[in-house]
Amino acid sequence: MKLIPVAEPVLTGRELKYVKECFDTNWISSLGGFILEFEKQFSSYCGTDYGITTSNGTTALHLALHTLGIGRDDEVLVPNLTFIAPANAVAYCGAKPILVDIEPDTWNIDPNKIESKITSKTKAIIPVHLFGHPCDMDSILKIARKYNLLVIEDCAEAHGSLYKNRKVGSFGTISCFSFYGNKIITTGEGGICLTNDPVLAKKLNFLKDHCMDSNKRYWHPEVGFNYRITNIQAAIGLGQLEQIDYFLQRKRENAKLYSSLLQNCTKIVLPVEKDYARHSYWMYSILLDESLEVGRIMEKMRELGVDSRPFFHPISTLPPFRSHNKFEVSERIARQGLTLPSGTNLSAEQIGYICRILKEIVEPD
Ligand SMILES: *Cc1c(COP(=O)(O)O)cnc(C)c1O
């Protein structure tokens, strides 16, 4: 039996046409017109001046941190519930991720818990817009200004999400996105850094391309990286970007249907959308009652043809970053969280089926 997947790319726009142009012109590596066009269009979609593509979302984060001078013994504030990438990127710089607990409703970094973690070594905050719900940016930016901290937004799950009617990715000094296969738009693998600062844009481009002097070939004044994307990937990205509003509309329709079908189930807590937010619903994620074991529920759904995902483990429980501090909220939410199929091509019938079996499993009677 084929499972209903949690997510799958939908490549039914002009992706293949643009990819064929790469083949026809022989521009298949990291030079070529699609890269600049994709950078221009994606940054303009998010409302920033510059976009600098990277090989993936994790290298975008590392490049951003390195460009901003994050280095040995610096401290960077990271939410305790997130995909591992931002914590790893901090570690690549020789810096230390300092974990902050999350809000119980949005599951994003809790601004009320940030200040107590700030020390003389703190240099930056990485808010992650988890599953597509924007972070409380006003509160985060206020703290950042007060303590002179950089803000690097991790928007890997939140392409097109709005905070107070403004796109995420336009708030950070640098903002990072991923275009991995399950993200809202994909390039296969890929990422991008956005900024409004021309000096930072230039530095990001320099660092991602081996720090080669633009006037003196093979002269490298600093240790650089190869974090380039290919023209083929950018071609896919451009085809995807043309459909982003449709993808977001589909995600929101799916979320609305899920929430209406699950709303009177007492064993399930639905995702929230704050007044300030327009959620992208990259993933439709719920919390199960404490009496239920998420792993068991997933197993039973799988037997009935439905794939699902647990939440991320709290970073504080992972071997490289283990902490003995208590993170009550993220520990509980990580344990009880469940992500349901969230693909843009999911049908109303499939959502109906998923909700029906889920309710039967969690409330048998
Ligand atoms: C997907 C993701 C990334 C980076 O992803 P790559 O797989 O490196 O492209 C970073 N942060 C978050 C929160 C993510 O979900």
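Which strands does helix 9 lie across? In this predicted model, helix 9, made of residues 294-303, lies across strand 12, strand 13 and strand 14, and the helix runs at about 20° to strand 14, which spans residues 337-340.

## The four-stranded sheet

The strands beneath that question belong to an open sheet of four strands, whose order is 10-12-14-13 and whose pairing is antiparallel. At the edges of this sheet stand strand 10 (268-269) and strand 13 (309-310), each of which pairs on one side only.

Strand 10 can be followed to its partner, strand 12 (residues 284-288), with which it pairs in the antiparallel sense over two bridges. As one example of such a pairing, Ile 268 has Leu 288 in strand 12 as its bridge partner.

## The seven-stranded sheet

A second open sheet has seven strands in the order 1-9-8-5-4-2-3, and its pairing is mixed. The edge strands here are strand 1 and strand 3, each pairing on one side only, and from one strand to the next the twist averages 25°.

Strand 2 (residues 75-79) runs parallel to strand 3, to which it is joined by five bridges, and Pro 79 stands opposite Val 100 of strand 3. Strand 2 also pairs with strand 4 (residues 122-125), again in the parallel sense, over three bridges; in that pairing, the bridge partner of Val 76 is Ala 124 in strand 4. Although strand 3 is an edge strand, four of the five residues in its run 96-100 are buried, so strand 3 is largely enclosed by the rest of the structure.

## Helices across the seven-stranded sheet

Helix 3 lies across strand 1, strand 5 (150-154), strand 8 and strand 9 (191-195), and its direction makes an angle of about 165° with strand 8. Helix 4, which covers residues 85-92, lies across strand 2, strand 3 and strand 5, and runs at about 170° to strand 2.

Individual residues show how such helices meet their surroundings. Thr 59 is found in helix 3, and it counts as buried because its relative accessibility is 10%, with the cut-off for buried set at under 20%. Leaving aside residues up to four places away in sequence, Thr 59 touches Thr 54 and Tyr 227. Phe 42, by contrast, has its place in helix 2, and is buried with a relative accessible area of 0%. With the same kind of sequence neighbours left out, Phe 42 touches His 159, Phe 177, Phe 179, Ile 185, Ile 192, Leu 194 and Leu 241. Phe 42 and Leu 77 are 35 residues apart in sequence, and their C-alpha atoms are 27 Å apart in space.

## Pockets

The largest pocket has a volume of about 890 Å³ and a lining of 28 residues, of which Leu 31, Asn 205, Phe 206, Asp 209 and Met 212 lie nearest its centre. The elements that give two or more residues to this lining are helix 2 (33-46), strand 1 (50-54) and helix 6 (198-208), and helix 6 gives the most, with six residues. By class, the lining of the largest pocket divides into nine nonpolar, eight polar and eleven charged residues.

The second largest pocket holds about 540 Å³ of space, and among its 32 lining residues the ones nearest the centre are Phe 83, Asn 182, Lys 183, Trp 282 and Phe 312. Helix 3 (57-67), strand 8 (174-178) and strand 13 each supply at least two residues of this lining, which divides into 18 nonpolar, eight polar and six charged residues.

## Cavities

How many cavities of 30 Å³ or more does a search of the whole structure find? The search finds three, and the largest cavity contains about 120 Å³ of space. Of the 16 residues that line the largest cavity, Glu 8, Pro 9, Lys 183, Ile 184 and Thr 344 are the closest to its centre, and the lining as a whole has six nonpolar, seven polar and three charged residues. Lys 183 therefore appears in two descriptions, since it also lies among the residues nearest the centre of the second largest pocket.

The second largest cavity has about 60 Å³ of space, and the residues lining it include Asp 105, Trp 107, Phe 131, His 133 and Met 283. By class, that lining has six nonpolar, four polar and one charged residues.

Technical notes. Residues are numbered from 1 along each chain as its sequence is written. This is a predicted model: local features need pLDDT of at least 70, side-chain atom pairs count only at pLDDT 80 or more; totals for chains, interfaces and linings use all residues. Side-chain values use heavy atoms; hydrogens and water are left out. Two strands pair if DSSP finds at least two bridges between them. Contact means heavy atoms within 4.5 Å. Axes are lines fitted to C-alpha atoms, for helices over the stretch in contact, and angles run from 0 to 180 degrees between N-to-C directions. On a 1 Å grid over the protein atoms alone, a cavity is a set of points where a 1.4 Å probe fits but cannot get out, and a pocket is an open set with protein on both sides within 12 Å along at least five of seven lines; lining residues have an atom within 4 Å of a point. Grid points are joined across faces, edges and corners, and a volume is the space filled by probe spheres set on the points. Ala, Val, Leu, Ile, Met, Phe, Trp, Tyr, Cys and Pro count as nonpolar, Asp, Glu, Lys and Arg as charged, and the others, Gly among them, as polar. Buried means under 20% relative accessible area, exposed over 50%, partly exposed in between (1.4 Å probe, protein chains only).
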